[in-house]
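Reader: Please walk me through this model. I would like short answers that end on the value or name I asked for.

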Amino acid sequence: MALVPRVLSGIQPTAGSFHLGNYLGAVRQWVALQESHDAFYMVVDLHAITVPQDPAELRANTRIAAAQLLAAGLDPERCTLFVQSHVPEHAQLAWVMNCLTGFGEAGRMTQFKDKSAKQGTDRTSVGLFTYPILQVADILLYQAHQVPVGEDQRQHVELTRDLAERFNGRYGETFTIPAPYILKETAKIYDLQDPSIKMSKSASSPKGLINLLDEPKSSAKKIKSAVTDTDTVIRFDAENKPGVSNLLTIYSTLTGASIAELEQKYEGKMYGALKTDLADVMVEFVTPFRDRTQAYLDDPETLDAVLAKGAEKARAVAAETLATTYDRLGFLPAKH
């Protein structure tokens, strides 16, 4: 049993640059959790191939994702950072969990239903159907106590708990039952052009999306052209003033100033003043982030060494869990 709670989370390497919503919604919290938890973080490339990927792009994006996590503040001395496919136990335990999961149980996962509805049954892979079960294996391999997730991922943690309890009930205590670590203070960042939808690669227009690796001038321009409203009062009101409220949220989370402090600062001023200042804040944030990311990408040997060391630490835990699982199942040990 770890002396401090263990957490596990992952991010896909499919998008190239993280966007502002990724950073403020998840990655920033990961950095904080490494100080208080035994934290395992991974680039989940196995999950990426549930849809077709260009091999060269996937390889490059895996390094870009890892470099950004390090640039954001993950410290390999304080957490375990690795690439999912470097630890083969993920796929091995996923098969065990596949055999433990009911077909109807897997079919009730709402994210699968949403994604398969968008792309049609014929274009939906079996991997997409079973990816929540791979997530189960990801979590249980490390005996994680908590899983930092948004509300949209809570169902997958519930599936993990169900399968862990089912296995433990049939074969004896093997897996830690994880709890969702819902990030209630997470800032929800919305599209700059349509503040009714969350900022995301798939839903946002290019002008509504801040990619952290874009030119800082481009990000500043997007802030200055963000949608507000016909009113001129700078006040947080998510329902009636979603555009201005979104800008205040971004400003607050990047600087640490409270919303109330910002409302006071801009009392009697026009939207232009807020946008100009926030554009400067954005440039000050993304410029060193880009520089740090590029420094890691310019030295792939060192970056790969960090990931290799992380995989070694991860495998030390994962291999033990898988060996116990196989033993409980009754698999004949391989003779060496």
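Author: What follows is a set of questions and answers on the fold, the cavity and some single residues.

Author: This is a predicted model: local features need pLDDT of at least 70, side-chain atom pairs count only at pLDDT 80 or more, and totals for chains, interfaces and linings use all residues. Residues are numbered from 1 along each chain as its sequence is written, and side-chain values use heavy atoms, with hydrogens and water left out.

Reader: How many helices and strands does the chain have?
Author: Both are DSSP runs, numbered from the N terminus: helices are H or I with at least four residues, strands are E with at least two. On that basis, the chain has 13 helices and five strands.

Reader: What is the radius of gyration of the chain, set against the globule rule?
Author: The radius is taken over C-alpha atoms, and the rule is 2.2 Å times the number of residues to the power 0.38. For 336 residues the rule gives 20 Å, and the chain comes close to that, so it is as compact as a globular protein of that length. Its radius of gyration is 21 Å.

Reader: What share of the residues count as buried?
Author: Buried means under 20% relative accessible area, exposed over 50%, and partly exposed in between (1.4 Å probe, protein chains only). Of the 336 residues, the buried share is 48%.

Reader: Which residues line the largest cavity?
Author: A cavity is a set of points on a 1 Å grid over the protein atoms alone where a 1.4 Å probe fits but cannot get out; lining residues have an atom within 4 Å of a point. Grid points are joined across faces, edges and corners, and a volume is the space filled by probe spheres set on the points. One cavity reaches 30 Å³ or more, and the largest holds about 50 Å³. Its lining is P76, C79, T80, L81, V306, K309, G310 and K313.

Reader: Which element gives the most to that lining?
Author: Two elements each supply at least two lining residues: β3 (79-83) and α13 (300-329). With four residues, the top contributor is α13.

Reader: Is K241 buried or exposed?
Author: K241 sits in the loop between α9 (216-224) and α10 (242-255). Contact means heavy atoms within 4.5 Å. Beyond its neighbours within four places in sequence, K241 touches D229, D231, V233, R235 and Y271. Its relative accessibility is 3%, so K241 counts as buried.

Reader: What separates the C-alpha atoms of N211 and L20?
Author: N211 lies in the loop between β5 (179-182) and α9. At 12% relative accessibility, N211 is buried. N211 and L20 are 191 residues apart along the chain, yet their C-alpha atoms are separated by 6.3 Å.

Reader: Which residues does Y131 contact, leaving aside neighbours within four places in sequence?
Author: Y131 belongs to helix α7 (residues 126-141). Its relative accessibility is 6%, so it counts as buried. The contacts of Y131 are H47, T50, Q111, K115 and H156.

Reader: What is the phi of Q143?
Author: Q143 is in the loop between α7 and β4 (146-149). With a relative accessible area of 18%, Q143 is buried. Q143 is not a glycine, although its phi is positive, at about 55°.

Note on methods:
1 Å grid on protein atoms, 1.4 Å probe; cavity = no way out; pocket = protein on both sides within 12 Å on 5 of 7 lines; lining within 4 Å.
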